[in-house]
Amino acid sequence: RKTRLARNMSRMQRLFPKEYQFLPPTWVLPDDIGDLEKQFGDSTESKVIYITKPDHLCQGKGIFMTTDLERLRKCTAECREKDQTAVVQRYIMRPLLIEGFKFDLRLYFLVCGKLPEGGGLDLRMFLFRDGLVRLCTTQYSPPTQETMNQRCMHLTNYAVNKNSKNFALTEDDESGSKRSLRWFMNSVEEEHGEKERRKLWLKLMGLCVKTVLTVQPTLESEYAGTFPRDLAGGQMGCRCFEILGIDVMLDQKRKPYLIEVNHLPSFTTDAPLDADIKRRLVEQTMDITCG
């Protein structure tokens with residue numbers, strides 16, 4: 001859930017402010033409306049743009065952008081009335097672009113673990129060296145009141161852009177509206193050098209690890225409550241695993257920001273690129289967890 005992620009991140013930001021700077025300023029409605037109102041000062045219109053995402057919806061449904069406090073108050077009232085929640089974030093105004101288009105990265109992060117002899121949960125985490133680059137289908141310009149509702153300009157969700165007349169599906173991994181993470185990292189190296197590529201990769205790895213660490217106590221509790229005690233002295237190995245789809249956006253300085261974590265990432269193969277990446281992902285996951 002988006003709200004659970006936001007609250008876990010908020011807690012870690014208070015404890016480790018320097019280590020958890022990869023989430024845009026975030027509020028959960030209706031609980032945080034008071035603090036959000038303070039961001040507006042004495043005005044009901046903000047120079048900052050906020051993006052609001054309903055917690056119970058996915059694939060870009062229900063998302064809206066606004067500078068209007070009254071609209072956020074209305075969203076808060078609806079959340080209370082329907083016993084729902086929504087996440088509000090400061091919109092990233094200067095994203096890194098590919099050929100003029102906004103994009104995000106779908107990272108695949110394998111989380112597994114075993115019970116060590118001393119108790120607790122020994123987490124083992126692996127970041128797949130490939131993934132998806134998902135582009136918008138309308139060229140980006142900083143949002144204004146006139147362009148704020150252009151979803152194919154501002155939302156990178158595949159479900160939003162795949163129906164656009166500008167969506168381009170190609171046979172290779174280096175063109176079109178969906179490309180490979182491997183291609184993107186190679187492009188970073190070609191343009192900025194191997195050192196910058198490695199620097200970015202380490203940032204992405206750190207973001208994924210720190211994100212999972214926010215829920216480690218919960219994972220330990222659920223693991224211990226689900227599986228019987230390991231009487232083999234830790235020799236049973238991994239008894240469960242999960243592939244997370246972690247969505248990341250980069251700003252113009254290539255600083256990564258966490259957008260969302262999907263515990264049930266899509267394994268649909270709408271294109272040869274999907275089939276190739278997801279096949280290798282599953283094969284390597286099986287090798288690590290069951291090999």
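**Note on a two-domain predicted model**

1. The centres of domain 1 and domain 2 are 23 Å apart, taken over C-alpha atoms. Their contact (heavy atoms within 4.5 Å) draws on 23 residues from domain 1 and 22 residues from domain 2. Domain 1 covers 2–90 and domain 2 covers 97–290. These bounds come from an automatic or database domain assignment.

2. Some ground rules. This is a predicted model, where local features need pLDDT of at least 70, side-chain atom pairs count only at pLDDT 80 or more, and totals for chains, interfaces and linings use all residues. Residues are numbered from 1 along each chain as its sequence is written, and side-chain values use heavy atoms, with hydrogens and water left out.

3. Overall dimensions. The C-alpha trace of the protein chain spans about 65 × 45 × 35 Å along its principal axes. The radius of gyration is 20 Å, which agrees with the value near 19 Å for a compact globule of 291 residues. That radius is taken over C-alpha atoms, and the globule rule is 2.2 Å times the number of residues to the power 0.38.

4. Fold content. The protein chain has nine helices and ten strands. Both are DSSP runs numbered from the N terminus: helices are H or I with at least four residues, strands are E with at least two. Of the contacts with a separation of 6 or more, 67% join residues 24 or more positions apart.

5. Surface and charge. Of the 291 residues, 45% count as buried (under 20% relative accessible area, 1.4 Å probe, protein chains only; exposed is over 50%, partly exposed in between). The accessible surface comes to about 15,600 Å² (Shrake-Rupley method, 1.4 Å probe), and carbon and sulfur atoms hold 49% of that surface. There are 44 positive and 40 negative side chains, with the centres of the two sets 3 Å apart. Lys and Arg count as positive, Asp and Glu as negative; His and the chain ends are not counted. Charges are placed at NZ of Lys, CZ of Arg, CG of Asp or CD of Glu.

6. Backbone points to check. Most residues other than glycine have a negative phi, and most peptide bonds are trans. The bond from leucine 29 to proline 30 is cis, with omega near 10°. Proline 30 sits in the loop between β1 (26–29) and α2 (33–38).

7. Positive phi, two cases. Glutamate 99 has a phi of about 55°, in the loop between β5 (97–98) and β6 (101–114). Arginine 254 has a phi of about 65°, in the loop between β9 (241–250) and β10 (256–262). Glutamate 99 counts as exposed because its relative accessibility is 54%. Arginine 254 is buried, with a relative accessible area of 16%.
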